[in-house]
Structure formats: structure tokens, C-alpha cells
Amino acid sequence: MGSNIDALTTVFTEFYYWVTVVFMFLIHVGFCVYEVGVARRRNHMHTLMKNTMLIPVVTVTFFFFGWWIYWAFPNFPMAIDFAAGAPYTPWAENMGTNLGDRITGVFWAAFLLFSWTAASIVSGACIERIKTKAFLIHAVLIGSVFWIIDASWGWHWGGWMVKYLGYHDAYASGVIHAIAGGYALGILMVLGPRLGKFAKDGTPRDIPPHNPWLVTIGFFLIYTGFWGFYAACNVPIISPEVIDGQLTGVTWTATNIYLAPTTLGAITMNFLMSLSGGLMVAYLVSKGDAFWTYSGGLAGIITASAGNDLYHPIQAMLIGGFGAYAAFKLHNYVEKRFKIDDAVGAVAVHGYAGFIGVVICGFMLWGAPSSPYEGYAAISPWGQLIGAIIMFGLLGFLPGYLVSKLMQAKGMLRIPASVEIRGLDAMTNEAYESAVADIQAAEKRRLNEQSK
Amino acid sequence: MATTSYTSWAADLADVGVVYPFAGSEVVMVILGVVFWITCQVLMSKMEDEELEAEEKAASSSSSGSNIDRY
């Protein structure tokens, strides 16, 4: 830090990312609350613990190799940039307490929280029948390998998708949501539906959330955390010379992840307008169903996210409304047609809405620069379509499906049917009731002895 | 083809204002937005009327009593 203005900028940036990380923690709290609300009472604790334990396994693996992948893989598989990745290996000095680098830690943490989100999206889809050990392997793969590869390709200022396809995905419609939705679909196709989900003639049965109120609180928490997510996708303040691209003049700015200018004001308006468009349409199309209205609000934000750094708020609202409609319709169509049991609608809300959002962005921002750097492809519908297929299909669906097939062959994917019927928490609940009966009896004995 | 008024960030940001796509079509966007909002609100209103009508038809003294018991 050469001067006090440099110091101020650095400490401001450090504090900015730190705040986003704290906000984003609420996404995970929301997912946990929401999943437990959807799960039946006999599966509560296992549902909660499955999602909770992704926190440590994704965190440590993201420290050991996930963060390095982001910096070393922008041109993978053509090349691995070992020099760029070197400061982010777990043995590098930048990855420890270091007064010469105040940003790596908070930037790492912001990306880590994105990783949790990717894994948590997958978690909800396969509740009540996946083995926790299988899920935690999936969590490491989606959270510390596949999503961060896609981030390196399409969410890094030097990523090959940005350079050659003009890929633009400012708030992660594709790089978080489409990939996680695609990955979840890959698992679900192998995992199969919950017992009783489909009648003999194939008609899907509704398995209502055990506690709709808990579900809605979970959604509110996810919305709140999403604010932090949006802010974390920006660089809060940067000067043109640091970007060393084509920006001229001396005006400092906030930028998106590609170092292209935007404003916090713009993304705040667009976040709220896309949420509103999604909520209104989802309320109508689901006939006032709370679960789908809230899901539609989320789908609205996710659909507009790819271009929410540049959209006009009315555009964000209309795109959000369309995304919510598409997610609802596609969820029901895929459920009936392909017998896919997505317990929380994650594939639709994150996967389909994310995919559609990336493609819409190609039309809306057609011809706009994808980067401030010279020679990069402009944003286009075909670049975005190829990008969406890479996110949802190549890095999402395909690994989710193949790894699940392998797990299925080894018998480690799905819990036994008898346990599924009885409930994952049966023994825990019996032990709990036994402990309660035991302590109550002991206390009553003591009370009787005192009264004599 | 470009939906924005710029195709490069080679500019002094002090001179840059609007960056959203289809700039200049604000009035059209507002009309579309207002139509969207009013349509949604009218449909929500109709939906509530239909729901209340159905609830009214389904109401009976016995079912109302049990609902009071449920609190």
C-alpha cells in the first residue's frame, strides 16, 4: 500500500467483501431452514445435517484446491496457468495471515460462499433418499471442482469463454444456478423419486412441506443473502489504470467480475424489480401457492441476473416474470413427462431459469462489450447459448449423472427402502424419546423422595 | 448489431451516462411495464374473487365449526 489513498481503498475493499460474506451466510441458513421445512418430520435431522456438513467439506477442499483452480484454469484445457495459480496454492504466503495481502482472504471467502450455494442448491433436490456420504462427495465436486472451473472459464476477466464467446453472466445465472440445477438433474435421474411420489399410472403425488411457514422464512433468508451475493460479484472501487484495459480518464468505478463498469445502484434496482416480476407472475401461474410464489421470486432474480449489471429495471422485471413462468411450467412438465422428483424445484428455479437467463442476456445485450479488454468477443445470443449449454450440460448435468451412476453401481447412492419408509431419523427420535422418558422418570422419583 | 449505444469500454467514464440496452425506448418500456403491472394486479384480483366464491360455496356450519376448533 503505497499511499494513504491506496490504503483506504484496500481496507475499504477488504471490509466490503467481508460484509458480503456475512450476508451470504444467510443464504445457507435459508437453505437449511427451507429444506427442513420441506422435509417430512421423520427426516428432519438428517436433512439438516446433510446440508450443514457441506460447509466444512466444501470449505477445506476449496482452501486446498478450489481457489487455485479459479486462478489457474481460465484457459483450461488448452493450458494451465501455474504462475497465476501459484499465490493461491494452500502453501502460498498469500493464503495465510499476511499484512502485504489484505484482499485474498476475503475474496477467497466470497467465492467459497458461492461454492456453498452451488452445493446447497443440489442438496435440496435430493432430500429424504440420498445417502449423506454420497451427497458430500457431490458437494465437493460441485462446490470445489466443477462450479469453480466454470467460474474460471466464464466468470474471470481472462476466462476463455469471455474472450472467445463474449460470455456475460454478471450475477451468475449460469455459473452458479444453471450448473447447480443441471448437476442436480443429473443426480435425480439416477437417484430416482421418493417412494410413493408417483402413482402406478405415473401421476405425480404432491408431498407437501411439513411446515410451509418455515419454508417461507427460509426463502426470505435466501433473498436477504442474495443481496450479499450480488454485492460480492462486484469489485467495489477500481481505477482505470488498475484495469489496464481500454478505459481512459481517471474516473474510478465499481465493476462487475469482468472489470466492466456498473453501479451498486443499478444492481439494487434490478434485483428488486426482477424479484417483483418473478413474484407477481409466480403468484398468478401457481394460483397463489406460497411455495411456488416464493420460488418464482427467486427464479425471477436468477433469470435476470446474467445481465442485471446493465439492464434497465423494467427489463429486469419483465425478464424476471418470464423466468418465473418458465420455471413453474418446466418443473411440472418435466415431473410428469420424465418422472423426475425434484423435492424443492431446484432444477427448475436454478437450472432452467439460469439457463434461460443466460440466453436472454445474449439477445438483450447483443453487441455490448463483454470486457474492457481489447480483442474480446462481444456479447451475442450464440455465445450465450453455447455458454448456457456448457454450464448446465457439460459441467453440470454430465458429471452429476456420471458420478451418480458410479455411486449407484457401488451401492452408495441411495438409502435402503425400509429406512426411507421408516424415516432417516427413526433411531434418533427413539433415542430422544427414551432419553426424555428416562429423565422425566428420574425427576419424578426425586420429587417423590423430597415430598416424603 | 448492438442493443447498446456503445460497443467498447474505451471511454472516459466521466463522459459516460446511460449504459442500459435499448436506451431511447424508455417510454415504450414504461408502457410495457405498466401494462404488465396492471394485468398482473387485475388477474390477482380476479383470482381472489374466484377463490372466495369457491370458499363461500364450500362453507357449511359443520366445516366452519371444525375450522374454529383448529384455530
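Start by selecting A:K287, which counts as exposed, with 11 C-beta neighbours inside 10 Å. The cut-off for that label is 12 or fewer. Keep in mind as you click around that this is a predicted model. Now look at the backbone here: A:K287 has a positive phi of about 55°, although it is not a glycine. To place it, colour the helices on either side, since A:K287 is found in the loop between helix 10 and helix 11 (290-305) of chain A.

Next, select A:A172. What is the sign of phi at A:A172, a residue that is not a glycine? Phi is positive there, at about 75°. The residue lies in the loop between helix 6 (160-165) and helix 7 (173-191) of chain A. Is A:A172 buried or exposed? A:A172 is buried, because 30 other C-beta atoms lie within 10 Å, and 20 or more is enough for that label. So you have visited two positive-phi residues: A:K287 counts as exposed, whereas A:A172 is buried.

Now go to A:F76 and A:P77 and show the backbone atoms. A cis peptide bond joins these two residues, with omega at about 10°. A:P77 sits in the loop between helix 2 (44-72) and helix 3 (82-85) of chain A.

For the next stop, show helix 11 of chain A together with helix 13 of chain A, residues 346-364. Two packed helices are described by the angle between their axes and the distance between the axes. Here the axes come within 7 Å and cross at roughly 30°. Rotate the view and you can follow helix 11 of chain A as it passes helix 13 of chain A in a right-handed crossing. To see what makes the contact, turn on side chains: helix 11 contributes residues including A:L298, A:A299 and A:I302, while helix 13 contributes, among them, A:A353, A:G354 and A:G357. By residue class, the contact of helix 11 with helix 13 divides into eight nonpolar, six polar and no charged.

Finally, bring chain B into view and select where it meets chain A. How many residues does each chain put into the contact? Chain A gives 30 residues and chain B gives 24 residues. On the chain A side, highlight helix 10 (264-285) and helix 12 (313-338), each of which supplies at least two residues. Helix 12 of chain A gives the most to this side, with five residues. Colour the side of chain A that touches chain B by residue class and you will find 18 nonpolar, eleven polar and one charged.

Terms used:
Residues are numbered from 1 along each chain as its sequence is written. Chains are lettered from A and ligands numbered from 1 in the order in which they are written. This is a predicted model: local features need pLDDT of at least 70, side-chain atom pairs count only at pLDDT 80 or more; totals for chains, interfaces and linings use all residues. Two residues are in contact if their C-beta atoms, placed from the backbone, lie within 7 Å. Helices (H or I, at least four residues) and strands (E, at least two) are DSSP runs, numbered from the N terminus. Ala, Val, Leu, Ile, Met, Phe, Trp, Tyr, Cys and Pro count as nonpolar, Asp, Glu, Lys and Arg as charged, and the others, Gly among them, as polar. Axes are lines fitted to C-alpha atoms, for helices over the stretch in contact, and angles run from 0 to 180 degrees between N-to-C directions. A crossing is left-handed if the near helix is turned anticlockwise from the far one by less than a right angle, and right-handed if clockwise.
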